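Biologist: Could you walk me through this fold, taking it slowly, since I am still learning to read structures?
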Amino acid sequence: DDGYFYMESWIYQPSLATMTLCLAMSAFASNEVPNEEKGRNVEKLLNDIGFEGVDHNEDFEIYPQRNTIGVAVGHKEIQDDSARDYTLIAVAVRGAGYETEWAGNLLMGETGEHQGFSEAKMEVLTVLDEHIKEHHITGNIKIWITGYSRASAVVNLAAAELINRETIEPQNLY
């Protein structure tokens, strides 16, 4: 329901929490399909709930490696209850069925952010930035971003980066 995104993101909404878990789980890579189809569940979910321009990065189509991360993204236009227009961008990061991708969890680095998660964060942000540019998204933006397991750590770092670089106002990051 688009109404999930009418309130500030820090207001707990059980139905949005449930749907966010559904989105995260849809990004799991199925073991039952070839690599080039591993993003089909998340793409189907996003299409079914009205998102446009739904796509995934190349990492969803290859056998996962230590530094890969599957990312799916789509967008839709919504209008909040005050009649303000927004582009809602959904970002789902692969968090299960990621084969050897988990090895990035062990890449700590020497200083600063965890290196493996940080490298994956940069891929998530690159996919998001490319989607915004490709679809000429401007104006008011809300971002719905989720991931499970390894992807949740990556999503947390990406969300912090989005706020730090003032890409989005915190109340519009779900």
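Biologist: Which strands does helix α3 lie across?

Modeller: This is a predicted model, and in it helix α3, made of residues 115-134, lies across β1, β2, β3 and β4, running at about 45° to β2.

Biologist: And which strands does helix α4 lie across?

Modeller: Helix α4, residues 150-164, lies across β3 and β4, and its direction is at about 155° to that of β4.

Biologist: In what order do the strands come in the sheet?

Modeller: The order is β1-β2-β3-β4 in an open sheet of 4 strands, and the pairing is mixed. The strands β1 (52-56) and β4 (141-147) stand at the edges, where each has a single partner strand, so one side of each has no neighbour in the sheet. On average, neighbouring strands of this sheet are turned by 15° against each other, if direction is ignored.

Biologist: What holds strands together in a sheet, generally speaking?

Modeller: Strands of a sheet pair through backbone hydrogen bonds, and the pairing can be parallel or antiparallel.

Biologist: OK, so how do β2 and β3 pair, parallel or antiparallel?

Modeller: Strand β2 (residues 71-79) and strand β3 (residues 85-93) pair in the antiparallel sense, and 9 bridges connect them. If you would like to trace the pairing by eye, Val71 stands opposite Val93 in β3, and Lys76 stands opposite Leu88 in β3. In the hairpin that these two strands form, there are 5 residues between the strands, and Ala83 takes a positive phi near 70°.

Biologist: How many bridges join β1 to β2?

Modeller: There are 3 bridges between β1 and β2, and these strands run antiparallel; as a landmark, His56 stands opposite Ala72 in β2.

Biologist: How many residues of β2 are buried?

Modeller: Of the 9 residues of β2, 7 are buried, so the strand is largely enclosed by the rest of the structure.

Biologist: Switching to the helices, at what angle do α1 and α2 pack?

Modeller: Helix α1 (residues 14-26) and helix α2 (residues 40-48) pack at an angle of about 145°, and their axes are 7 Å apart. On the α1 side Met19, Cys22, Leu23 and Ser26 take part, and they meet Asn41, Val42, Leu45 and Leu46 in α2. Sorted by class, this contact of α1 with α2 has 6 nonpolar and 2 polar residues, and no charged residues.

Biologist: What about the loop between those helices, is Lys38 there buried or exposed?

Modeller: Lys38, whose place is in the loop between α1 and α2, counts as buried because its relative accessibility is 9%, which is under the 20% cut-off. Leaving aside neighbours within four places in sequence, Lys38 is in contact with Phe28, Ala29, Ser30, Asn31, Val33 and Phe60.

Biologist: New topic: which residues form the aromatic cluster?

Modeller: One aromatic cluster is formed by Tyr4, Phe5, Phe51, Trp144 and Tyr174. The structure has 5 aromatic pairs in its count. In one of them, the rings of Phe5 and Tyr174 have centres 4.9 Å apart and planes at 85°, so the pair is edge-to-face. Phe5 lies in the segment before α1 and Tyr174 in the segment after α4, so this pair ties together parts that are 169 residues apart in sequence.

Biologist: Are those two rings' residues buried or exposed?

Modeller: Phe5 is buried, with a relative accessible area of 3%, and Tyr174 also counts as buried, at 13% relative accessibility.

Biologist: Which ring does Lys76 lie over?

Modeller: Lys76 lies over the face of Phe51, at 5.2 Å from the ring centre. In another place, the charged end of Lys142 sits over the ring of Tyr86, 4.3 Å from its centre.

Biologist: Last thing, where is His136, and what is its phi?

Modeller: His136 is found in the loop between α3 and β4, and its phi is near 55°, a positive value in a residue other than glycine. His136 counts as exposed, at 67% relative accessibility.

Biologist: And what about Ser149, where does that lie?

Modeller: Ser149 lies in the loop between β4 and α4, and although it is not a glycine, it has a positive phi of about 60°. Ser149 is partly exposed, with a relative accessible area of 38%.

Methods:
Residues numbered from 1 in each chain as written. Predicted model: local features only at pLDDT ≥ 70, side-chain atom pairs only at ≥ 80, totals over all residues. Heavy atoms only, no water. Axes fitted to C-alpha atoms, helices over the stretch in contact; angles between N-to-C directions. Contact = heavy atoms within 4.5 Å. Nonpolar A, V, L, I, M, F, W, Y, C, P; charged D, E, K, R; others polar. Pairing = 2+ DSSP bridges. Buried < 20%, exposed > 50% of the residue type's maximum accessible area, 1.4 Å probe, protein only. Phe/Tyr/Trp six-rings, centres within 6.5 Å; stacked < 30°, edge-to-face > 60°. Lys NZ or Arg CZ within 6 Å of the ring centre and 35° of its normal.
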